[in-house]
Amino acid sequence: MKASDVKAMTQDELTDELGKLKKEQFNLRFQRATGQLENTARVRQVRRDIARIKTISRHKAGEAKA
């Protein structure tokens, strides 16, 4: 997911996407623990996407208050 894609989302869409990524991260952790994880790079991608969404969401919330 690119930062430009995330910036184009509304606050509700960001919240929904964050929820999806959190669920995926949870599932990936279980797959890793049980030895079923095939794409190990996906763990890093999901973690970074979560951080990207949180950062842009916080930035948008700050603009809304100002």
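This report describes the salt bridges of a predicted model and the helix α3 that takes part in them.

**Salt bridges**

Two salt bridges turn up when the whole structure is searched. In one of them, the side chain of Arg42 meets that of Glu24, with an N to O distance of 2.7 Å. Arg42 belongs to helix α3 (residues 41-65) and Glu24 to helix α2 (residues 11-34), so this pair ties together parts that lie 18 residues apart in sequence. Another salt bridge joins Arg52 to Asp49, and their closest N and O atoms are 2.8 Å apart. Arg52 and Asp49 are three residues apart within helix α3, which means that about one helical turn separates them.

The relative accessibility of the four side-chain partners is listed here.

| Residue | Relative accessibility | Class |
|---|---|---|
| Arg42 | 24% | partly exposed |
| Glu24 | 26% | partly exposed |
| Arg52 | 28% | partly exposed |
| Asp49 | 6% | buried |

Asp49 counts as buried because its relative accessible area of 6% falls under the 20% cut-off.

**Helix α3**

Helix α3 has 25 residues, and at 1.5 Å a residue these should span 36 Å. The C-alpha atoms at its ends are 37 Å apart, which agrees with that expectation.

Besides Asp49, the buried residues of α3 are Val43, Val46, Ile50, Ile53, Ile56 and Ser57. The buried residues of this helix pack against α1 (3-7) and α2. Helix α2 is thus a packing partner of α3 and also holds Glu24, the salt-bridge partner of Arg42.

Key. Residues numbered from 1 in each chain as written. Predicted model: local features only at pLDDT ≥ 70, side-chain atom pairs only at ≥ 80, totals over all residues. Heavy atoms only, no water. Salt bridge = Lys/Arg side-chain N within 4 Å of Asp/Glu carboxyl O. Helix = DSSP H or I, 4+ residues; strand = E, 2+ residues; numbered from the N terminus. Buried < 20%, exposed > 50% of the residue type's maximum accessible area, 1.4 Å probe, protein only. Expected span 1.5 Å × (residues − 1). Contact = heavy atoms within 4.5 Å.
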